[in-house]
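Welcome, and please open your viewer before reading on. We will go from stop to stop, with something to select at each one.

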Amino acid sequence: MILLGLLLLGTLHISTALDNGLARTPPMGWLNWERYRCNTDCKNDPYNCISADLFLEMAKLMKYEGYADVGYEYINIDDCWMLRDRGADGKLVSNPELFPEGIPALADAIHSMGLKIGIYEDYGTKTCGGYPGTKDHIEDDVNLFASWGIDSLKLDGCYCNASEFSTGFPAVGAALNATGRPVLYSCEWPLYEYRETDKIPYAEIAETCNLWRNTEDVQDSWASVERIIEWFGDNAGNLASYAGPGNWNDPDMLIIGDYGLSFEQSETQMAMWAMMAAPLYMSNDLRTLRQWQKDILMNQEVIAVDQDPMGKQGVRVYQDAKKKHEYWSRELADGSYAVVMYRRDSSGLPKPYTATFKQLLIKTKTAHVRDLFTHLDLGVYTDGITATLPPSGSCKMFKVTPIKSQF
Ligand code: GLA
């Protein structure tokens with residue numbers, strides 16, 4: 001009886017009232033914000049403005065360069081897609097200079113490639129970029145999105161008080177449910193109070209949203225990615241229990257392929273996002289990626305960790321006192337573990353580090369170890385893993401399969 005109870009407890013998960021059946025594994029795709037921001041200047045910068053052409057181009061590359069084959073699916077439009085004022089009928093209007101044929105035509109084109117389309121709004125009176133917010137128009141706006149064929153909504157929290165979030169985000173969620181269209185719901189609910197994690201009602205958030213942005217906006221730098229990993233490391237113990245099929249913590253976009261990350265740091269972002277069971281939304285220029293960047297973004301063994309069907313979020317299990325290196329561990333559905341050994345400091349030579357299985361919370365004496373970036377089986381290891389890490393944000397990522405016969 002006790003055993004049965006424990007088993008049930010182990011599989012119990014805070015379920016979503018959103019009830020859209022989506023995001024059983026973390027969503028994957030592309031989101032324009034980090035790379036293209038609010039660039040609406042198609043006259044002077046046609047190549048980089050946030051036009052239908054840009055989204056279509058990214059959709060085509062996602063489809064035909066292999067990203068879709070490894071799981072990338074959503075093409076997401078962020079802020080600044082609309083006109084500064086609602087139409088005479090009160091409806092939101094897409095900027096005709098950006099979307100000359102309107103959003104439904106873009107949605108059709110994206111759907112015809114077998115992909116999905118996401119859009120952005122804000123619960124407040126205005127979006128962060130100053131465009132009309134959804135307050136007082138929730139049903140109309142959500143119905144409009146559903147009629148356009150939108151598959152995902154990112155809802156922001158600018159221009160309103162965080163005290164309104166507990167009613168606002170669920171109200172939009174309920175309106176989405178009422179459309180009958182399954183729309184993935186991404187909430188920026190925790191973000192605005194992230195320095196006071198205790199105040200954030202994560203259980204409530206998980207009942208309403210498929211994913212939620214926990215902390216600061218990612219910027220195009222290693223410092224930014226490092227800070228986000230640090231924040232998740234500090235808080236993962238509290239947050240991980242809210243993640244699972246249908247619900248995900250969101251550390252923000254992948255910036256691999258942009259200007260800020262070295263080869264090693266790019267591997268580290270990919271590895272850590274997979275450990276965190278994070279949504280994998282690239283914000284980059286798929287037209288200009290180098291082969292090594294594509295290889296990292298399409299590394300199927302790392303993606304398999306992110307997309308593990310059990311959906312148990314990994315946690316930081318060890319950090320040295322000076323915060324120069326740390327280890328993360330994530331339990332996988334098949335009884336194995338994903339492990340990351342990550343070195344942060346920038347002083348000097350590549351050095352060997354040892355993570356014991358005990359530190360990694362893996363109860364075994366021996367295990368098969370596979371390197372998920374070199375794709376090599378390293379053989380059977382006893383007691384732990386020793387790996388050489390170069391400085392400045394590098395990592396090694398392993399799949400560790402305990403050898404059970406000894407127990
Ligand atoms: C906030 C969000 C970003 C982006 C911008 C748009 O900063 O956190 O992800 O959506 O607004 O203005």
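In which sense do strands S13 and S14 pair, and over how many bridges? Before you look, keep in mind that this is a predicted model.

**Stop 1: a pair of strands**

Select residues 366–371, which are strand S13, and then residues 376–382, which are strand S14. The two pair in the antiparallel sense, over 6 bridges. Zoom in on two of the partners: Arg 370 has Asp 377 in S14 as its bridge partner, and Val 369 has Gly 379 in S14.

Now follow the chain around the turn. S13 and S14 form a hairpin with 4 residues between them. Click on His 375 in this turn; its phi is positive, at about 60°.

**Stop 2: across to S16**

Stay with Val 369 and look for its partner in another strand. Select residues 394–402, strand S16. S13 pairs with S16 in the antiparallel sense as well, here over 5 bridges. Val 369 stands opposite Val 400 in S16.

Turn on the side chains if you like. In a regular strand, side chains alternate between the two faces of the sheet.

**Stop 3: the whole antiparallel sheet**

Add the remaining strands to your selection: S9 at 315–319, S10 at 325–331 and S11 at 337–343. You now have an open sheet of 6 strands, and its order is S9-S10-S11-S16-S13-S14. The edges are S9 and S14, each of which pairs on one side only. Tilt the view to see the twist: neighbouring strands are turned by 25° against each other on average, direction ignored.

Next, bring in two helices. Helix H8, residues 222–239, lies across S9, S10 and S11, and runs at about 100° to S9. Helix H9, residues 263–275, packs on the sheet too, where it touches S10, S11 and S16. The direction of H9 makes about 40° with that of S16.

**Stop 4: a parallel sheet**

What is the order of the strands in the open sheet of 8 strands? It reads S7-S6-S5-S4-S3-S2-S1-S8, and the pairing is parallel. Select 248–250 for S7 and 280–282 for S8 to find the edge strands, each pairing on one side only. The twist from one strand to the next averages 25°.

For a closer look, choose residues 28–31 (strand S1) and 74–76 (strand S2), which pair in the parallel sense over 3 bridges. Here Trp 30 stands opposite Ile 75 in S2. Then show helix H4, residues 102–112, which lies across S2 and strand S3 (116–122) and runs at about 145° to S3.

**Stop 5: the ligand**

Finally, select the ligand and display the residues around it. Among them are Trp 33, Tyr 120, Cys 128, Lys 154 and Arg 213. The shell divides into 4 nonpolar, 1 polar and 7 charged residues.

Which distances are worth checking here? Try these three:

- Asp 78: an N or O atom of its side chain is 2.6 Å from an oxygen atom of the ligand.
- Asp 79: a polar side-chain atom lies 2.8 Å from a ligand oxygen atom.
- Glu 188: a polar side-chain atom lies 2.8 Å from an oxygen atom of the ligand.

To finish, show the surface: the ligand on its own has 300 Å² of accessible area, and the protein covers 91% of that.

Technical notes:
Residues are numbered from 1 along each chain as its sequence is written. This is a predicted model: local features need pLDDT of at least 70, side-chain atom pairs count only at pLDDT 80 or more; totals for chains, interfaces and linings use all residues. Side-chain values use heavy atoms; hydrogens and water are left out. Two strands pair if DSSP finds at least two bridges between them. Axes are lines fitted to C-alpha atoms, for helices over the stretch in contact, and angles run from 0 to 180 degrees between N-to-C directions. Contact means heavy atoms within 4.5 Å. A residue is near a molecule or strand if one of its heavy atoms lies within 4 Å of it. A polar contact is a pair of N or O atoms within 3.5 Å; within protein, one must be able to donate a hydrogen and the other to accept it, and residues adjacent in sequence count only if both atoms are side-chain atoms. Accessible areas come from the Shrake-Rupley method with a 1.4 Å probe; for residues, only the protein chains shown count as cover. Ala, Val, Leu, Ile, Met, Phe, Trp, Tyr, Cys and Pro count as nonpolar, Asp, Glu, Lys and Arg as charged, and the others, Gly among them, as polar.
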